[in-house]
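This report was prepared for a reader who wants local geometry set out residue by residue. Please keep the sequence and the coordinates at hand while reading.

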Amino acid sequence: MSREIRKAAVLGAGVMGSGIAAHLANAGIPVLLLDIVPPKFTEGDEKKGLKESDPNFRNKFALAGLTGIKKSRPALLYSKRFLPLIETGNFEDDWDKLADCDWIVEVVIERLDIKQQVFGRVEEVRKPGAIVSSNTSGLSIAGMVEGRSEDFKKNFLVTHFFNPVRYMRLLELVGGDETSKEVMDFFTNFGRFRLGKGIVFGKDTPNFVGNRIGVFGIQATIKAMMDMDYQVDEVDAITGPAMGHPGSASFGTVDLVGIDVMSHVVNTIAEGCPDDEQIDIFKTPEFVAKMIAGGSLGRKTRDKGGFFKVQKNPDGSKTKLVIDWKTGEYRPKERPNIPSLGQAKKTHDVKKRIKDLAAADDRGGALAWRILRDTLAYTSVRFGEISDTVVDIDNALKWGFNWELGPFETWDLLGVQATVDRMQADGIEPATWVLEMLKAGSETFYLESADGRKYWDPKTNAYVKEPKPDSFLVLKDIKRNEDKVIYGNKNASMVDIGDGVACVEFHSALQPKMNPIDDKIMDVMFKSFEIAEKDFRGLVIHHQGENFCAGANLLMILEGVQAGQWSAIDEMVRQFQAMTIGQRRCKVPVIAAPFGFTFGGGCEITMGADRACATAESYIGLVEVGVGLIPAGGGCLYMIERVLEGIDTPVLSNLPFLQIAFENIGMAKVATSGEEARDRKYLRPWDMVEINRDQQLNTAKQMAIGMDKAGYLPPLPKSYKLPGAEGLATFKMFLHNMKLTHWVSSHDETVATHLGRILAGGDTTINDPVTEQTILDLEREAFLSLLGEAKTQDRIKYMLVNNKPLRN
């Protein structure tokens, strides 16, 4: 049976329902968002001029969900262009429209009787073979499909998304006893490739995989805090990045989710898992219950706060407060003086960071070990009950809770035997299968091998190769064959990724999270152009770290300024420009494949390539004005190219188009998705946005092969008709007005005036075409001039120290 999701429906327009609808629109799928008709016609409705028969009243809840999508920050949609794909309605007037849908997902209140009623009504109108799913996190499939037909049951599954749907990668799939394998296989591929999700297979148990372990971890953390006499802010200082967890740590995460929501999830486990040997931990502590009763539910109750809250002071400043769990009173948040946390901040390698913290002989180490001990032991016992592979459990925590490493990966780095010995010394026993694995001589849950990673399977008592689709190319795996590394240094490498295509991989030794461009990366880029022309058919610029590239190496530039090395800086800028424009001069197609932070120089590499293949979650922009500079690696040139694209016939003035470039660069506008980058012209209409980052390298590779097969020729240099002094005068007037209204400072005006001169083409007129090299020279001259400004140097210093811009 050939399936396709041409249209979907979401039943329930609350936070989760609207989030799922938005993400379906992101995937280009028309979606029907329905909710109940409001039970009462209120005085407020009447004041708005509504009538009970008015669709704006009857669709009130669904329309509220759509409004939430429009206003969401961070945005739920990749681009506002996708809004028309979402149609709103209600359960009475629009129910028959479900007959046109290939997938219907239920997201109503977590009550079995209500879900059963909804599914009974769905069966009356759904077409045969249409997939029906529930986003439940705790109710059994058997209960939900009771009384339904055979066709309904075989096309039913749980699709458990995590909130916010766009940003949380995890999608847990759970089939029932009668769910067909064909449906599970189809939805696995649909979720992975069309929705861009990481798929984890769970079992029909309360809270499935991610929440069962993640919630236990939070409850174990609270218990440890109370047992060991810690405070909330002290705990979060330890359980955040130091342990490979997100910055929101433990209590900050609960505040984000909602303390009442977390309590509900805890109660679901307690009610649904009466035989859990840790049942006592799944109780809401008394101090948390008091917070819920008092309306302190986290970030959504801003005035009352949660574990943390922000206090506005009379002078306009803000103080972050934290609750004292013993007294229930708030006090100013403190930064604990724990030596192991100081060391953790200096450690890039997450494995070393966690290992050092767990072994530390201080309050940080004591709490970290207690939480790790309890969580790892509990996870091992739940294996087989909630999932059949350590891979799925690890991925659930990485994708659903943003852990850098899953429980079993963490156990491996600590040493399985050493951790078991330490557990047993504390009177804690891991699952029997772990002891049997060690007894069999297998010392780790994972095994790195020449043909990829393998994991321990207790059913067969053997290591099994970790499955992954053929389209998921992993550079680490490719480089296991040392012959595949063609050229490289400590900051970048050229890697043969097969089929005649090579990849330039960034891996900065000192700043691996941001990968700023320096002389070593530029060396590999230039060498790769040279080698690719002789030995390859295409080149991809990509790596698989946290962020693509956050720009040039500011520290290196500042040190050059302080040393008076102006000739060296001038040459560095020339080389940077030659590198980005060199992508177009290379005789084979060059595809940039950015993701995450793609700022400044990273954006210029992306814009300078022949094509781009960006992930949907790419954050792209020319942000140099934030440090008092302008783009000097071709960014102004490439933005001029884009805004004037297709304007071949004479126009009265091209200033309205150049204004777009001026605002993008001058206001450091950052696109918050690959699709928004297209809207802002950082990407072009023919560039690709890949929704699944695991597939990005292969997609970029196929783009290079396709361009080669089509007979690739490097593009010819262009020239542009720019307005010169007339255009600069207009930009200056715009800046003058912004300064009068205090939108910009004097130094902002100085920086933007340099930008305006570049975009206007310097000393030219609309009738004298300006070459690419002229624009690059204007960029370089402005960059060097601004570097000589004391206020620019102050901005650079401030950014390096505080990681945020200075307005001066």
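What follows treats strands, a helix, cysteines, a loop threonine and backbone geometry in turn.

The structure is a predicted model, and the description below should be read in that light.

**Parallel strands around β5**

Strand β5, residues 131-134, is covered on both faces, with I131 and S133 buried on one side and V132 and S134 buried on the other. In a regular strand the side chains alternate between the two faces of the sheet. Strand β4, which comprises residues 103-106, runs parallel to β5 and is joined to it by 4 bridges; within this pairing V105 stands opposite S133 of β5. Between β4 and β5 the chain passes through helix α5, residues 112-125, and the resulting β-α-β crossover is right-handed. Strand β5 also pairs with β6, residues 156-161, in a parallel arrangement that has 3 bridges, and here V158 of β6 is the bridge partner of S134.

**Helix α32**

Helix α32 covers residues 772-787, and because each of its 16 residues is taken at 1.5 Å, the helix should span 22 Å, which agrees with the 23 Å that separates its end C-alpha atoms. Its buried residues are E772, I775, L776, L778, E779, R780, A782, F783, L784, L786 and L787, a list that includes the charged side chains' positions E772, E779 and R780. An α-helix has 3.6 residues a turn, so residues three or four places apart point the same way.

**Cysteines**

How many disulfides does the count come to? The count comes to 0 disulfides, where the cut-off for a pair of cysteine sulfur atoms is 2.5 Å. Two cysteines illustrate the reasoning. The sulfur of C613 has its closest cysteine sulfur in C503, and because the two are 12 Å apart they are too far for a bond. For C636 the closest cysteine sulfur is that of C603, at 11 Å, and this is likewise too far for a bond. C613 is buried, with a relative accessible area of 0%, and C636 also counts as buried, at 0% relative accessibility.

**The loop residue T764**

T764 is found in the loop between α31 (746-759) and β25 (770-771). Is T764 buried or exposed? With a relative accessible area of 13%, T764 is buried, because the limit for a buried residue is under 20%. A polar atom of the T764 side chain lies 2.9 Å from the backbone oxygen of D768. Leaving aside residues up to four places away in sequence, T764 touches L722, P723, G724, A725 and V770.

**Backbone geometry**

Most residues other than glycine have a negative phi, and most peptide bonds are trans. The table lists exceptions to both tendencies.

| Site | Backbone feature | Angle |
|---|---|---|
| R73 to P74 | cis peptide bond | omega near 0° |
| N163 to P164 | cis peptide bond | omega near -5° |
| D499 | positive phi, not a glycine | phi about 60° |
| N803 | positive phi, not a glycine | phi near 60° |

As for their places along the chain, P74 is in the loop between α4 (60-71) and β3 (86-90), and P164 is in the loop between β6 and β7 (170-175). D499 belongs to the loop between β16 (492-496) and β17 (501-506), whereas N803 lies in the segment after α33 (790-802). N803 is exposed, with a relative accessible area of 65%.

Terms used
Residues are numbered from 1 along each chain as its sequence is written. This is a predicted model: local features need pLDDT of at least 70, side-chain atom pairs count only at pLDDT 80 or more; totals for chains, interfaces and linings use all residues. Side-chain values use heavy atoms; hydrogens and water are left out. Helices (H or I, at least four residues) and strands (E, at least two) are DSSP runs, numbered from the N terminus. The expected span of a helix is 1.5 Å times one less than its number of residues. Buried means under 20% relative accessible area, exposed over 50%, partly exposed in between (1.4 Å probe, protein chains only). Two strands pair if DSSP finds at least two bridges between them. A crossover is right-handed if, with the strands pointing away from the viewer, the path from the first strand over the helix to the second runs clockwise. A polar contact is a pair of N or O atoms within 3.5 Å; within protein, one must be able to donate a hydrogen and the other to accept it, and residues adjacent in sequence count only if both atoms are side-chain atoms. Contact means heavy atoms within 4.5 Å.
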